[in-house]
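Colleague: I am new to this structure and would like to go through it by question and answer. Please show it first.

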Amino acid sequence: MLRTGDAMSAAVMTKAGAPLAEDDPDIILAVDGLETHFGRPPRVAKAVDDVTFRVRAGETVAVVGESGSGKSVASLSIMQLLARGGRIAGGSIRFRQRSGTMIALDKLSQKEMRKIRGAEIAMIFQEPMTSLNPLMTIGDQIAEMTMLHEPIGRTKALEHARQMLELVEIPAAGNRLGDYPHQLSGGMRQRVMIALALACKPRLLIADEPTTALDVTIQKQILRLLERLQAEMGMSMLFITHNLGVVAEIAHEVVVMYAGRVVEQAPMRELFRKPRHPYTLGLLHATPNPARDLAPSAGGEPAVRRRLTPIPGNVPSTTELPDGCSFAPRCPLRIDACEARKPPLVKVDPDHASRCIRHEELS
Amino acid sequence: MTMARGAMARRVLSRLGGMIVVLALLVTVVFVIVRVTPGDPAAVMLGPDATQADIDQLRAQLGLDQPMLVQYFLYLGQLLHGDLGQSIFLNQPVLSALADRAEPTFFLTIFSILIATIIGVPVGIIAAYKRGTLFDQAVVVAAMLSASIPSFWLGLLLIQWFSVQMGWFPTSGYGGPYAGFFDRIQHLVLPAVSLGIVNSALIVRFTRASMLDVLQEDYVRTARSKGMSEFRAVMRHAFKNALIPIVTVIGLTLALLISGAVVTETVFGLPGVGSLVVSAVLRRDYPVIQGALLVVAAIYVLINFLIDMLYVVIDPRVRY
Ligand SMILES: Nc1ncnc2c1ncn2[C@@H]1O[C@H](COP(=O)(O)OP(=O)(O)OP(=O)(O)O)[C@@H](O)[C@H]1O
Ligand code: SF4
Ligand SMILES: [Mg+2]
């Protein structure tokens, strides 16, 4: 019933050997077996335990997972902006620079990393209300970004800031340059954050739940805006969210995280139609439209799917991860072999990976 | 912008109005305190051997024989003319007595607050930035200790080391009436250092606490994500936001320093306002005590007003 052997031999995306086309010039971010830990032994929190994924040029990759699954820590690891006490304990993060060369971000000095931050990889955050400096005008905050990376003066930088504000559809942009953040609404501030992040035309934008704190109608507008800018500027986007509805709207590719590990990665439609991990399946069923509309019809569904809604139990604590599959305590398909050792992330299809030893039964 | 300017003008006017009310209250309180102090000031001033005739004459001279309300308005009238009364022992108006002694106190206070700020703010910033390290812990302990050191004791220690043993600085005084500016300043070094060090403790603690708060703000992370240096992120984005509590505590320290001048000037034999007040108290020179009290209190109020105006400069949110 279980074909562990096959699964093992198909383990192409694990840390050990990754015969994935590394010189594929399309790949601009390659994260492999990333481990990010907080604290000192014996109380080490493995916030990110084994994260592997790829981002291609001009593509939006959504990272989904419950609260605490390590999405923010993973993205801050890429930026090398971990909070105090956090460190990259293993794995690699490689990024293709504008020049075309692939560099290991985790090996860069802070000084070298500063040239990447803002210029090649920019980030926007969940909280638009607190992410802007309350004592600086929005014009100066955007201009500062350009002046940090390009040899231009303040007047030119402010003019560029005005153009950026127009780009993110802020009305009367010229009059808003002198505004302070507290004079703007949450949605407007998030637009300013986007203008700021895109000021140097980064190749990769990391958006950590950029719409979660906003009203539903504003959320939609911001999503539209990001989608339009991503396409126009041809940049890649790593879009972090716990909302599968948002994923369906914006993502080309989806990475599902659970308890610090990537448990599944697939193109968006494929993931919604043919999830190959019980956790993804549970997420899809815990989410209303449009996820269910995209899922296979009721007739063809295995009985297990019904029992997964909603997923009972809680995410394990990052300091007490189980030895084997971290989803085992909540998984209706769990067998003893699941807990023996950590399941590898295996290719179940050419562009579809799953970290479940029983993925075949889900196909 | 015009709306902001209107709000700004309203704020300045209301603070100025508040300042005048506080000053009027102060004048009244000082007036009342002096009147309700037990004993007839005239009798106290003249000593136990004075005859009733002498006392009555002095009472009339000081206007103490007038009804209370009349005295109050006479006193107010004098103040409005900048007249703080006449010193009984110095044979000169209180205002000019204070002015004569103002220089050492002024420079002592300014140097002390500069030293306290130059030590306190950077040490507080670095301690917060290096939170939890040995440096930070040492700073926390040192700030606690130095806050409990009386500044006169530190002053005596410094005199012992640097004046008596090393001979680098004068032990006491202000160089006499003909001393040049540099000579006078040299006399202020040790007192200013001892006051500055002791008073930096509070500034260190406030700076550290305020920076700890601000360093974990989202906008500091945003600043870092823009690719700027740590120094720029910490100073331009964090420190600026930590300024309001820091400015407040510096103002408070300045006010404390002025009242602390009494002790320090005595220890270092500086002929400033502090030692003038001490001798006035010893000699029961009421007009001088009263005048010094008023001037110091007025300076307090002025400092408060200036700090409030600084808030407006620092934080745009206060402007609207
Ligand atoms: N500064 C920190 N110190 C210690 N542990 C941390 C720190 N930051 C995050 N963690 C831990 O790392 C784990 C993952 O956190 P993370 O913020 O990445 O989750 P998330 O997936 O972004 O969740 P959310 O959807 O709530 O944003 C959590 O268990 C958290 O406790
Ligand atoms: S490995 Fe086992 S426990 Fe883990 S998800 Fe698959 S079936 Fe469930
Ligand atoms: Mg998060």
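**Where the two chains meet**

Modeller: This is a predicted model. Between chain B and chain A, the rule finds 13 residue pairs in polar contact, both residues at pLDDT 80 or more.

Colleague: Which elements of chain B give two or more residues to the side that touches chain A?

Modeller: The side of chain B that touches chain A is made up of seven nonpolar, six polar and twelve charged residues. The elements that give two or more residues to that side are helix H5 (94-129), helix H9 (218-225) and helix H10 (230-267) of chain B.

Colleague: How many residues of chain A are in contact with chain B, and which three residues of chain B supply more of its buried area than any other three?

Modeller: On the side of chain B there are 25 residues in contact, and they meet 27 residues of chain A. The area buried between the chains is about 2400 Å², with 56% from carbon and sulfur atoms. Of the area that chain B buries against chain A, 26% comes from three residues: Arg221(B), Ser225(B) and Lys226(B).

Colleague: Is Glu144(A) buried or exposed, and which residues share a salt-bridge network with Glu144(A)?

Modeller: Glu144(A) has a relative accessible area of 2%, which is under the 20% cut-off, so Glu144(A) is buried. The side chain of Glu144(A) meets that of Arg232(B) in a salt bridge of 2.9 Å, N to O, and Glu144(A) also forms one with Arg236(B), where the closest N and O atoms are 3.5 Å apart. Across the interface the rule finds three salt bridges. Bridges that share partners join Glu144(A) into one network with Lys226(B), Arg232(B) and Arg236(B).

Colleague: Why does the pair of Glu144(A) and Arg232(B) join two chains?

Modeller: Arg232(B) is partly exposed, at 31% relative accessible area. Glu144(A) lies in helix H4 (residues 138-149) of chain A, while Arg232(B) lies in helix H10 of chain B, so the pair joins two chains.

**Within each chain**

Colleague: How many helices does chain B have?

Modeller: The C-alpha trace of chain B spans about 85 × 60 × 35 Å along its principal axes, and 42% of its 320 residues are buried. Chain B has zero strands, and its count of helices is twelve.

Colleague: In chain B, how many residues apart are Arg208(B) and Asp136(B)?

Modeller: The side chains of Arg208(B) and Asp136(B) meet in a salt bridge of 2.6 Å, N to O. Arg208(B) is in helix H8 (residues 181-215) and Asp136(B) in helix H6 (residues 134-147), so the pair links distant parts of the chain, 72 residues apart.Colleague: In chain A, which residue makes a polar contact with the side chain of Asp49(A)?

Modeller: Asp49(A) is in strand S2 (residues 45-56) of chain A and counts as buried at 6% relative accessibility. Leaving aside neighbours within four places in sequence, the residues in contact with Asp49(A) include Leu34(A), Ala259(A) and Lys342(A). The side chain of Asp49(A) makes a polar contact, at 2.6 Å, with the side chain of Arg261(A).

Colleague: How many residues apart in sequence are the parts that Lys342(A) and Asp50(A) tie together?

Modeller: Lys342(A) forms a salt bridge with Asp50(A), with the closest N and O atoms 3.1 Å apart. Lys342(A) lies in the loop between helix H14 (336-340) and strand S11 (346-349) of chain A, and Asp50(A) in strand S2, so the pair ties together parts whose separation in sequence is 292 residues.

Notes:
Residues numbered from 1 in each chain as written. Chains lettered and ligands numbered in written order. Predicted model: local features only at pLDDT ≥ 70, side-chain atom pairs only at ≥ 80, totals over all residues. Heavy atoms only, no water. Contact = heavy atoms within 4.5 Å. Buried area = accessible area lost by both parts, 1.4 Å probe. Salt bridge = Lys/Arg side-chain N within 4 Å of Asp/Glu carboxyl O. Polar contact = N/O pair within 3.5 Å; in protein donor to acceptor, adjacent residues only side chain to side chain. Helix = DSSP H or I, 4+ residues; strand = E, 2+ residues; numbered from the N terminus. Nonpolar A, V, L, I, M, F, W, Y, C, P; charged D, E, K, R; others polar. Buried < 20%, exposed > 50% of the residue type's maximum accessible area, 1.4 Å probe, protein only.
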